[in-house]
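Here's a quick briefing to read with the model open beside you. Start by having a look around, then work through the points below.

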Amino acid sequence: MMILLTLFSCKSKYPSDILTPEEIKPVLFDIMVATQVKQMDTTAVTRQHFRDSLTLEIHRVRTAHKIDDSLYFRSMTFYEAHPDFL
């Protein structure tokens, strides 16, 4: 009985196909910094293409952290539904 309780208590509360909070927090921080830097650039070209340049920066952050699109979006979907887990 004790072994059975131990096995169930070790089960992670996070799905195995998403990033854990420890893995996603640095990514979210870097995306936040990239967003702020882009917002500070007030040149006309940047303002006109802000959304595209921001998407590119987010892609660069994910690439730097070696996170593919599907893993990122699965993780974000999970944490949007369960923000208390972050």
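**The two sides of H5**

Thr77, Glu80 and Ala81 are exposed on the other side of H5, away from a set of residues in that helix that are buried: Leu71, Tyr72, Ser75, Met76, Phe78 and Tyr79. Those buried residues sit on the same side of H5, because they cover an arc of only 165° around the axis. Bear in mind that this is a predicted model.

**Overall picture**

- The protein has five helices and zero strands, so if you read the elements from the N terminus on, you get α-α-α-α-α.
- Of the 86 residues in the protein, 28% are buried.
- The accessible surface comes to about 6,600 Å², and carbon and sulfur atoms account for 63% of that.
- Take the contacts between residues at least 6 apart in sequence: 71% of them join residues at least 24 apart.

**More on H5**

- Helix H5 covers residues 69–81, and its length checks out: 13 residues at 1.5 Å each should span 18 Å, and the end C-alpha atoms are indeed 18 Å apart.
- What lies over the buried residues of H5? The cover includes H2 and helix H4 (50–64).
- Ser75 is one of the H5 residues, and it counts as buried because its relative accessible area is 0%.
- Setting aside neighbours within four places in sequence, Ser75 is in contact with Ile18, Leu19 and Ile24.

**Arg62 in H4**

- Is Arg62 buried or exposed? This arginine, which lies in helix H4, counts as buried because its relative accessibility is 7%, and the cut-off for buried is under 20%.
- Once neighbours within four places in sequence are left out, the contacts of Arg62 are Ile67, Asp69, Tyr72 and Phe73.
- Tyr72 is also on the list of buried residues in H5.

**Ile31 and Met40 in H2**

- Ile31 and Met40 both belong to helix H2: Ile31 is placed there, and so is Met40, in a helix that runs over residues 21–40.
- Ile31 counts as buried, because its relative accessibility is 10%.
- Not counting residues up to four places away in sequence, Ile31 touches Ile58, Val61 and Tyr72.
- Tyr72 turns up here again, having also been listed as a contact of Arg62.
- Ile31 and Thr55 are 24 residues apart in sequence, with their C-alpha atoms 10.0 Å apart in space.
- Met40 is another story: at 63% relative accessibility it counts as exposed, because the cut-off for exposed is over 50%.
- Which residues make the nonpolar surface patch? Met40 is one of them, together with Phe29, Met32, Val33 and Val37, and the patch comes to about 510 Å².

**Pro15 in the loop**

- Pro15 has its place in the loop between helix H1 (2–9) and H2.
- With a relative accessible area of 31%, Pro15 falls between the buried and exposed cut-offs of 20% and 50%, so it counts as partly exposed.
- How far apart are Pro15 and Phe78 in space? Their C-alpha atoms are 8.7 Å apart, although the two are 63 residues apart in sequence.
- Phe78 is itself one of the buried residues in H5.

Methods. Residues numbered from 1 in each chain as written. Predicted model: local features only at pLDDT ≥ 70, side-chain atom pairs only at ≥ 80, totals over all residues. Heavy atoms only, no water. Patch = residues over 30% accessible without salt bridge, like charges linked within 9 Å, V, L, I, M, F, W, Y side chains within 5 Å. Areas by Shrake-Rupley, 256 points an atom, 1.4 Å probe, with all protein chains shown as cover. Salt bridge = Lys/Arg side-chain N within 4 Å of Asp/Glu carboxyl O. Helix = DSSP H or I, 4+ residues; strand = E, 2+ residues; numbered from the N terminus. Buried < 20%, exposed > 50% of the residue type's maximum accessible area, 1.4 Å probe, protein only. Contact = heavy atoms within 4.5 Å. Expected span 1.5 Å × (residues − 1). Arc of directions from axis to C-beta.
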